[in-house]
Amino acid sequence: MSAPVTGGPTPVAERPDRGTRARALLRDPVLVSGALAVLLWATAALISPSFASWGQVVTLLTLASFLGVIAIGQTLVIIAGGEGIDLSVGATATLAAIVASRYMDGANDNLPLSVLLALAAAAVVGVINACGVLFFRVPPLVMTLGMIAVVYGFIRLYTGGQPAGSAAPLLRTLINGDTVFGIPGVLWLWLALSVLVIWILRRTSFGWRLYAVGGNATTAYLSGVNPVAVKFSAYVLSSLFAGIGGLLLLGYSENVFLRLADPYMLPSVAATVIGGTALIGGVGGYLGTIIGAILLTVLDSFLRIVQIGGGEWGDAPRQIIYGAVLVVVLSAYGRQKRLRQ
Amino acid sequence: MDAPPFLRMSGVHKRYGGVTALAGADFAANAGTVHAVLGPNGSGKSTLLKVLTGVVAPDAGDVLLDGRPLRPKSPRDTLAAGVSAVYQELSLIEDFTVVDNLVLGVEPGRFGLRDARAARARALPWLERFAPAFGGRVPVDERVADLDPGERQVVEICKALVRDPRVLVLDEATASLRRRQVEVLFDVVGELRDQGVLVLFITHRLAEITALCDRATIMRGGTDVATVTVGEVPERELVELMSGTPAGAPGAAPAAERAAPEEGAAAPAVLLAVTDLAGPGLNGVSFTIRAGEVLGLGGLQGQGQSELLASLFGAARRTGGRVLLDGAPVHPRSPKQAVRAGLAYVPGNRGGQGLALGRPILENLALPSLGRRALLGVGLSRATEQAAARGVAARIGTTYGSLDDPVSTLSGGNQQKVVVGKWFPTEPVVVLMDDPAKGIDVGAKAEMFAVVRELAESGAAVIVGSSDDRELVEVCDRVLVLFEGRVVDEVQGDRLTEDTLIASAMHITQADVAAARTDDAASHLPDIDHDPVAAEQEQGT
């Protein structure tokens, strides 16, 4: 089968001319988002030159890595289609961090066990999400939104309102420790996870089936794929990656609090969509999500640099602008999706 | 004869992509008559009436109603002109009550406020008239969702009548009705005729034509062939006019040629044996098929052909019967299991069921056979996938720019070839095709059926369901005629002509008429008591 077919049909000679190719580049969400991120970063650097320093860039990417890891699962679930979305990633990440910190209790002895327990707790959330969406036909938006409340309720019960313990020293070293050029370990972890996810999406039968199910679930079903199994895996993987994100956050911040990963819920959706993964499913990939996560992090830092907020209003104006940008971006991409249909 | 006809349509042309639906059809009918429009599937009769009702805009042609030109931009305009239609596909809103559905779009009211009393006053007479069709009750305030399929069809008819039409179009409106409901409808149609309404009637049931219609226009290949007075022509002649192919026509030849050598050679063993297969829309289907054979499923539309294929493929529930593949029982509960057992399924609805349109050609071709090439069932190599896809594309003769282009960039014919070709790497032993040539042009159709024959010659058994009798004659070795979920006739060899297929599909209905007459001497109507569950299933698919 691997021998090249010489007698095959000659590909129709219809190369796009330069104009259409340029326009296609303009429409490539990954490139557009990347360009926007660089533009924002450059502007911020003009306003505040320290923004351009190597240390600041590394800090930016470190901040982006948590969003990036939490958005891995979001990307998978959205690609799987059927209005797939996982709003519970923030809560799940928090749950994993809280479970892990309690078992680590600031020591290395229980590190492997606590990681396993944290990921198991996250996986349970994924299984419940998947069951609700796939067997009880709850719309994913409603199901995962409801799960947020359930997970936080559970966290409250579990901790009695006061999270216990702290990160194991080894975990902290793994996340924050300098490797080369001041790059912390967490960035290498993010790189490794990214390579893994992109490989899963592009070079495994699960990845291809995921795109097929998202592109047209009926076709996939009639081609011998089990769409329920594929989507089930997507939801469980989403929670697992959210759990990993929670562990990274725990290592970074050393202590946990009840709303640790809360701020990642909407940005994880936005990073995915900005990166070109369409909410209709079957389109996109993780490379775009990486760019999306970086863009959103740059935007957040930019708003801090230009000192919107602060003073008597505190953080509020920055949050309002950030939220408004998310809504504008999401609706802009939503419109594009409709045109494409 | 002297006065111009009430309705005249002339030179109506309509093309859908590469398919010509109407090629200069003329049509005329008088007020106060019931006029049948007959023809085989794909003859253009439905399109002609959709032009009249404004659902379809013609490419050319004029419509004169009562001497005035009718150029509808939408069904709303034709409604205003007094043309009202009832289609097979229902247009009711399930969560609305019957009365709300009936007055939808013509709600009586003032200053934008609905007048509920006036609405009832308008809807009630018709519902009362049809009370026997609802089992004696008048379901004004019942939700449409709570009615059975036959009752919904009656509501649909009432909806057309509430609009006080001068022209009433009934497009297979009796298909899901019970006999009692048909009787009421026919009485009402008789009254409308006496009031000067023109009723246009599309049906496949010959008995209904002789019972109800005054005139009949026969359509074939997008044009009108003849207009006759019902009662002056024998039924047999009507059937002949519809099929249009006298014995020995070109279409009939290939089947006979193919059948001949098989008699001499030793027949290959039975590959698939189906016994008493039952399920939604299926009432005990039995047949066998040999390796290398192309078996057709014919008959009127919606008689269980699609359900049979879906059931064999594990995509529809099976409630009874046995299927033996190479002597071993197979009972797939999902397409996944069916694929593993060596079955393949080609749906006619390629956008909805056959392809993931936005995904690359490569992925579409690879999907059913991914597991076979994956390392440890997981890892894929791009080079291997591309080589496999190129091999398939060469076999099915698809031209493409790049395998990474979305499959939607291909022409309809090439898309359908991808739907067939994606099964090649799974090496299927039984290929199930549900109207595989729907909506592709003649050239692509021929190429696609060449692929089908190639599959059969390589030793697979191929089952083809089709709504086009000519297609069945050209492609199949043998055709089963289905009616109401049963096999009622088997046509092969010299008998395999379009003529026989049409007659076979129609005469069943006549046989039923005869049965109905002996059952119930008072009734002149065919027994078309549908199983409501089956009818609902049909509508669901």
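**Exercise 1.** How many residues does the contact take from chain A and from chain B?

*Solution.* The model is predicted. Start with the counts: chain A gives 32 residues and chain B gives 41 residues. Next, look for the elements on the side of chain A that touches chain B. Those giving two or more residues are α9 (205-215) and α10 (217-222) of chain A. The most comes from α9(A), with seven residues. Last, sort this side of chain A by class: 16 residues are nonpolar, 13 are polar and three are charged.

**Exercise 2.** Find how helix α2 and helix α13 of chain A are oriented to each other.

*Solution.* Take α2 (residues 29-47) and α13 (residues 286-305) of chain A. They pack at an angle of about 25°, and their axes are 9 Å apart. Angles under 35 degrees count as roughly parallel, so α2(A) is roughly parallel to α13(A). Their crossing is left-handed. Now check the contact residues. They divide into 16 nonpolar, five polar and no charged. Among them are Leu36(A) and Trp41(A) from α2(A), and Ile291(A) and Phe302(A) from α13(A).

**Exercise 3.** Describe the open six-stranded sheet of chain B and the helices on it.

*Solution.* Write the strand order: β6-β9-β10-β3-β11-β12, with mixed pairing. Mark the edges: β6 (83-86) and β12 (223-229) of chain B each pair on one side only. Then take one pair. Strands β3 and β10 of chain B run parallel, joined by four bridges. Ala36(B) stands opposite Phe201(B) in β10(B). Finally, add the helices. Helix α1 (residues 45-53) of chain B packs on the sheet, at about 150° to β9(B). Helix α5 (residues 149-162) of chain B lies across β6 and β9, running at about 180° to β6(B).

Note on methods. Residues numbered from 1 in each chain as written. Chains lettered and ligands numbered in written order. Predicted model: local features only at pLDDT ≥ 70, side-chain atom pairs only at ≥ 80, totals over all residues. Axes fitted to C-alpha atoms, helices over the stretch in contact; angles between N-to-C directions. Parallel < 35°, antiparallel > 145°, perpendicular 65-115°, else oblique. Left-handed = near helix turned anticlockwise from the far one by under 90°. Contact = placed C-beta atoms within 7 Å. Nonpolar A, V, L, I, M, F, W, Y, C, P; charged D, E, K, R; others polar. Pairing = 2+ DSSP bridges.
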